[in-house]
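Hi everyone, thanks for coming. Let me walk you through a structure that may be new to you.

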Amino acid sequence: MYTHEREVQAMLDMVSDMFPSAEAPGNHDRTFFEPACGSGNFLEEILHRKLSTVTTRRYGRGEKYEHRVLRCLASIYGVDIDYENVMESRDRLRAAIASHLDRDMNTVAPTEGLALAVEAILESNIVVGDSLNEPHKIPLVHYRSTKVGFFLREWTYLEEGEDPGQPDLFGVREIERRRDREPIHYSLLAQHPDPYPGVLP
């Protein structure tokens, strides 16, 4: 079912503290999870709101800026049972980033590392799955920003939460977790889809 933009805006306005603001312009890492994301109406607007304070004036035009863009994307998750919906959601998020970069960076081209990282994050965060009936089969990657340009990733499976129908985003049993052994630069994410450079015990 298609959700009208008016409803999307109204619902996100109810959690305005989750987004960057004049008082907290760097609030880019709050996690959003859409268990039935459809074609990405909510995901796209969430990303637009996160990117609103990622500007070259604030972060320059290099690694720090690109890392901020990726932090906005890496904290957004979407699952849908329909493959076409997932592909459209990824397309919309990809387009939202391209549009933002075009407006804000003008004639300066982003690095190839940024483009590859966007694809890697979209592939890990916007996925096909049945979050209602089979959450334990849905793999997710938690990206934690460390220093500028670097993430530590943790692989988990979506788990059914304590309340029926309410999945727990990272509530997987500890023994099933996989982590990067050391932080990985965003330009290497696509080259290293598994823990970098090995699995933490």
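Before we start, one term: a polar contact is a pair of N or O atoms within 3.5 Å, and within protein one of them must be able to donate a hydrogen and the other to accept it. Please also keep in mind that this is a predicted model.

Let's begin where that term helps, at the N-terminal end of helix H5. Asp82 caps that end, with a side-chain oxygen 3.0 Å from the backbone nitrogen of Glu84. The helix itself covers residues 83-105. Its 23 residues should span 33 Å at 1.5 Å a residue, and the end C-alpha atoms are 33 Å apart, so the two agree. Just past H5, Asn106 has a positive phi of about 60°.

Now, which residues of H5 are buried? They are Val86, Ser89, Arg90, Leu93, Ala96, Ile97, His100, Leu101, Asp104 and Met105. As for the spacing, an α-helix has 3.6 residues a turn, so residues three or four places apart point the same way. The buried residues of H5 pack against several elements, among them helix H2 (41-51), helix H4 (63-74) and helix H6 (112-125).

Next, a loop. Ser39 sits between strand S1 (32-34) and H2. Ser39 counts as buried because its relative accessibility is 16%, and the cut-off is under 20%. Beyond its close sequence neighbours, Ser39 is in contact with Asn85, Glu88, Ser89 and Arg92.

Finally, the largest nonpolar core, which has 47 residues. Leu70 and Ile97 are among the members that touch the most others. Further along the sequence than four places, Leu70 is in contact with residues including Leu114, Phe151 and Tyr186.

Conventions:
Residues are numbered from 1 along each chain as its sequence is written. This is a predicted model: local features need pLDDT of at least 70, side-chain atom pairs count only at pLDDT 80 or more; totals for chains, interfaces and linings use all residues. Side-chain values use heavy atoms; hydrogens and water are left out. A nonpolar core is a set of buried Ala, Val, Leu, Ile, Met, Phe, Trp, Tyr and Cys residues joined through side-chain atoms within 4.5 Å. Buried means under 20% relative accessible area, exposed over 50%, partly exposed in between (1.4 Å probe, protein chains only). Contact means heavy atoms within 4.5 Å. Helices (H or I, at least four residues) and strands (E, at least two) are DSSP runs, numbered from the N terminus. The expected span of a helix is 1.5 Å times one less than its number of residues.
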